[in-house]
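Good morning, and thank you for making time for this presentation. Please have the sequence and the structure open while I speak.

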Amino acid sequence: YKVIAPANLAYTFNVFLSMEELEIGTFNVEADEKRLKELFKETGATVCLTTALAYYDNYFREPAFHAYGDNKVCEALKELPSGLAHVKVYKNDLIEPKDFISSNGLKRTSQLRTVIDLLCSKRAYGAERLIKKMWG
């Protein structure tokens, strides 16, 4: 079989996956990007959505940090002082090894999973350049 419109196929995932439904915590903390990445490494979180997109494309920037994780991540974020860094944590449903990449101890969603997550969070506009890069 040959898939003639892979981006359209990926878009159908939003019928089955809603990032809003996976959200387990939202935090406003006093931490910079470096500190949050360290926290994500320490807790085994996997950066996703626009945070992962930043590794694949420099076009879209969102003033928030996103990661798949568990209660360990949420508890670590609760320990930080309140601040301006907006962080959202999502229930970790990354079961396939192809769903994420690990680099220097920090995990991030793969290009394909990043696109799927962006489409399932109503952020397709952020994935446009990555979609073109992946599928022409």
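I shall begin with the overall fold, then turn to two helix pairs, and then to some individual residues.

Let me state at the outset that this is a predicted model. The protein chain contains seven helices and six strands. Their order along the sequence is α-α-β-α-β-α-β-α-β-β-β-α-α. Of the 136 residues in the protein chain, 43% are buried. As for contacts between residues at least 6 apart in sequence, 66% of them join residues at least 24 apart.

I turn now to the first helix pair, α6 and α7. Helix α6 covers residues 111-119, and α7 covers residues 124-135. Their axes are 9 Å apart, and the packing angle is about 150°. The two helices are therefore roughly antiparallel, since an angle over 145 degrees is counted in that way. Their crossing is left-handed. On the α6 side, the contact is made by Gln111, Leu112, Thr114, Val115, Leu118 and Leu119. On the α7 side, it involves Ala124, Gly126, Ala127, Leu130, Ile131, Lys133, Met134 and Trp135. By residue type, this contact between α6 and α7 comprises 10 nonpolar residues, three polar and one charged.

How enclosed is α6 by the rest of the structure? Seven of its nine residues are buried, so α6 is largely enclosed. The buried residues of α6 are Arg113, Thr114, Val115, Ile116, Asp117, Leu118 and Leu119. Thr114, Val115, Leu118 and Leu119 of α6 also appear in the contact with α7.

Between these two helices there is a loop, and Ser121 lies in it. Is Ser121 buried or exposed? Its relative accessibility is 15%, so Ser121 counts as buried, because the cut-off for a buried residue is under 20%. A polar atom of the Ser121 side chain is placed 3.1 Å from the backbone oxygen of Leu118. Which residues does Ser121 contact, if we set aside its neighbours within four places in sequence? They are Met19 and Leu49.

Leu49 takes us to helix α4, where it is located. This helix runs over residues 49-56 and is mostly covered, with six of its eight residues buried. Those buried residues are Leu49, Thr50, Thr51, Ala52, Leu53 and Tyr56. Leu49 has a relative accessibility of 0% and so counts as buried. Its phi is near 50°, which is a positive value in a residue other than glycine.

Thr50 is also part of helix α4. With a relative accessible area of 4%, Thr50 is buried. The side chain of Thr50 makes a polar contact of 2.6 Å with the side chain of Glu62.

The second helix pair is α3 and α5. Helix α3 spans residues 33-43, helix α5 spans residues 71-78, and the two pack at an angle of about 140° with their axes 9 Å apart. The crossing of α3 past α5 is right-handed. From α3, the residues that meet α5 are Leu36, Leu39, Phe40, Glu42 and Thr43. Their partners in α5 are Lys72, Val73, Ala76 and Leu77. This contact of α3 with α5 divides into six nonpolar residues, one polar and two charged.

Helix α3 also holds Lys37. Lys37 has a relative accessible area of 26% and is partly exposed. What does Lys37 touch, not counting residues up to four places away in sequence? It touches Tyr55 and Leu106. Lys37 and Gly105 are separated by 68 residues in sequence, yet their C-alpha atoms are 9.6 Å apart in space.

My last residue is Asn104, in the loop between β5, residues 100-103, and β6, residues 106-109. Asn104 is not a glycine, but its phi is positive, at about 55°. Unlike the buried Leu49, Asn104 counts as exposed, at 71% relative accessibility.

To close, I would recall two points. Helix α6 is largely enclosed, with seven of its nine residues buried. Ser121, in the loop that follows α6, is in contact with Leu49, a residue of helix α4. Thank you for your attention.

Methods: Residues are numbered from 1 along each chain as its sequence is written. This is a predicted model: local features need pLDDT of at least 70, side-chain atom pairs count only at pLDDT 80 or more; totals for chains, interfaces and linings use all residues. Side-chain values use heavy atoms; hydrogens and water are left out. Helices (H or I, at least four residues) and strands (E, at least two) are DSSP runs, numbered from the N terminus. Buried means under 20% relative accessible area, exposed over 50%, partly exposed in between (1.4 Å probe, protein chains only). A polar contact is a pair of N or O atoms within 3.5 Å; within protein, one must be able to donate a hydrogen and the other to accept it, and residues adjacent in sequence count only if both atoms are side-chain atoms. Contact means heavy atoms within 4.5 Å. Axes are lines fitted to C-alpha atoms, for helices over the stretch in contact, and angles run from 0 to 180 degrees between N-to-C directions. Angles under 35 degrees count as roughly parallel, over 145 as roughly antiparallel, 65 to 115 as roughly perpendicular and the rest as oblique. A crossing is left-handed if the near helix is turned anticlockwise from the far one by less than a right angle, and right-handed if clockwise. Ala, Val, Leu, Ile, Met, Phe, Trp, Tyr, Cys and Pro count as nonpolar, Asp, Glu, Lys and Arg as charged, and the others, Gly among them, as polar.
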